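Me: I would like to learn how to read the pockets in a model. Please take me through them one at a time.

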Amino acid sequence: VRGENGLGIAEELDCIRDIDLLVGTFGKALGSMGAYLLCSRTVREYLINTMRPLIFSTALPPAQIAWTKFLFERLPSFTDERHRLAVTSHLLSEALKGKGGEISASHIIPFIIGENEDCIQTSLYLQRKGFYCLPVRPPTIPKGTARIRFSLTADITEEEIRFMINEL
């Protein structure tokens, strides 16, 4: 969801060439599973020969690899989606300033509510309004900082974000 071609913050900051070990995941943004590591041939060979979890882990199913490859090759073409996501994320983050939204500069935006019950009720209210948002509570986060963690997608519209902001 970040960078001109979707290659992340390292691309956005134009520092990919300065990074010795670049790790990326295929989970959230690509809706898949697995990860990659870009590194030198020497590091690659070392890891292959010494990294027991790599050697003894179960390989991903071929269909999963094909899906990931299919999406990864299309990353550069998702420019409009990345722009739309940046716009809606900024709208929500600005609306939540002073409530936890300023913590994030991404499409994952916390809305810190405080007490567990208030957070649960707010989450349920938003769900009834059509927004799938779940409460995040201790022990995942410190006591008294219960929150809803909005994880926006490129499919949400500005109109929907504005409606949700009004409901909050």
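**Reading the pockets**

Reply: In the second largest pocket, strand 2 (35-38), helix 2 (41-50) and helix 3 (52-55) each contribute at least two lining residues. Helices (H or I, at least four residues) and strands (E, at least two) are DSSP runs, numbered from the N terminus. This is a predicted model, in which local features need pLDDT of at least 70 and side-chain atom pairs count only at pLDDT 80 or more, while totals for chains, interfaces and linings use all residues. Residues are numbered from 1 along each chain as its sequence is written, and side-chain values use heavy atoms, with hydrogens and water left out.

Me: What is a pocket?

Reply: Rolling a probe the size of a water molecule over the atoms shows where empty space is left. On a 1 Å grid over the protein atoms alone, with a 1.4 Å probe, a pocket is an open set of points with protein on both sides within 12 Å along at least five of seven lines; lining residues have an atom within 4 Å of a point.

Me: Which element gives the most to the lining of the second largest pocket?

Reply: Strand 2 does, with four residues. Of the 13 lining residues, Ala-35, Tyr-36, Leu-37, Leu-47 and Leu-54 are closest to the centre of this pocket.

Me: Which residues lie nearest the centre of the largest pocket?

Reply: Val-1, Arg-2, Lys-28, Ala-29 and Leu-30, out of 31 that line the largest pocket. Strand 1 (22-25) is among the elements giving two or more residues to this lining, and its four residues are the largest share.
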